[in-house]
Amino acid sequence: FMRDSFISDLNGNVLMLKFAEKNREAETIIVADELEKLNFNLSELPNENNILAEGGEFYFCPKDKLLFSGINRNTIAGAEHVASFLNAKELIIIETTSFHLDTVFTTVFNKKGKLCAMIVCKELITKDSYKKLKEVSKKLNVHIITIPEEDSIGTGNLLGSLAVNSFCSPGLLISSSNYSNSFVSKQIEDLGVKTEICSVSQFQLSGGSVHCLTNEL
């Protein structure tokens, strides 16, 4: 999974992140070594106990300078450091008990790279977090598309498809599964955004999907 160990400002600078689970620290070391070989400028989070950040908790909107952050595996201080690194104008904290934000949420960009929609499992985030999304929706005139738990991480009794765990780029979403309600796909299509389905079933057995497997540089 390439998402969790770093985040890039898409301008040659990379911030290496810090896992809540210490047994994943080796991933950061391995990925940092490869990025250095590619001549990216690497920096690290401060080595303080209250500063944790994992890539699956973030969705950055470079054109809008917005950073959405989960707060299950991140700390507030970690999210704030990432927002500063990315020169984000606004940090929006979304609270969920799910493993990472990307198991319940994704951004959607139009062909110009601007945020045009947010797809979210309303039942798996807090009421205050959904209120924040509605405020973003109103301020930026972007859509909120809600999905059931089966299209996200699922429930304790039923594993979800993780369709929401998508790679988002201008005018394109790459997902592992179609949404259970075809109207969701129709809404995305009406925004001029194309969806590609790429099965990653073996990786989903480890609890991750397309967003977890990819990272922007």
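**Exercise 1.** Work out whether Tyr59 and Phe105 are buried or exposed, and how their rings are arranged.

*Solution.* Start with burial: Tyr59 and Phe105 are both buried, meaning under 20% relative accessible area with a 1.4 Å probe, protein chains only. Keep in mind that this is a predicted model, where local features need pLDDT of at least 70, side-chain atom pairs count only at pLDDT 80 or more, and totals for chains, interfaces and linings use all residues. Residues are numbered from 1 along each chain as its sequence is written, and side-chain values use heavy atoms, with hydrogens and water left out.

Next, the rings. Phe, Tyr and Trp rings (six-membered ring for Trp) pair if their centres lie within 6.5 Å; planes under 30 degrees apart are stacked, over 60 edge-to-face, the rest tilted. For Tyr59 and Phe105, the centres are 5.6 Å apart and the planes sit at 75°, so this pair is edge-to-face.

Then place them: Tyr59 is in strand 4 (residues 58-61) and Phe105 in strand 7, so the pair links parts 46 residues apart in sequence. Strands here are DSSP runs of E, at least two residues, numbered from the N terminus.

**Exercise 2.** Find which residues form one aromatic cluster with Phe105.

*Solution.* Phe68 and Phe105 make a tilted pair, 5.1 Å centre to centre with 50° between the planes. Phe68 belongs to strand 5 and Phe105 to strand 7, so this pair ties together parts 37 residues apart in sequence. Phe68 is buried too, as is Phe105. Put it together and Tyr59, Phe68 and Phe105 form one aromatic cluster.

Notes
Helices (H or I, at least four residues) and strands (E, at least two) are DSSP runs, numbered from the N terminus. Buried means under 20% relative accessible area, exposed over 50%, partly exposed in between (1.4 Å probe, protein chains only).
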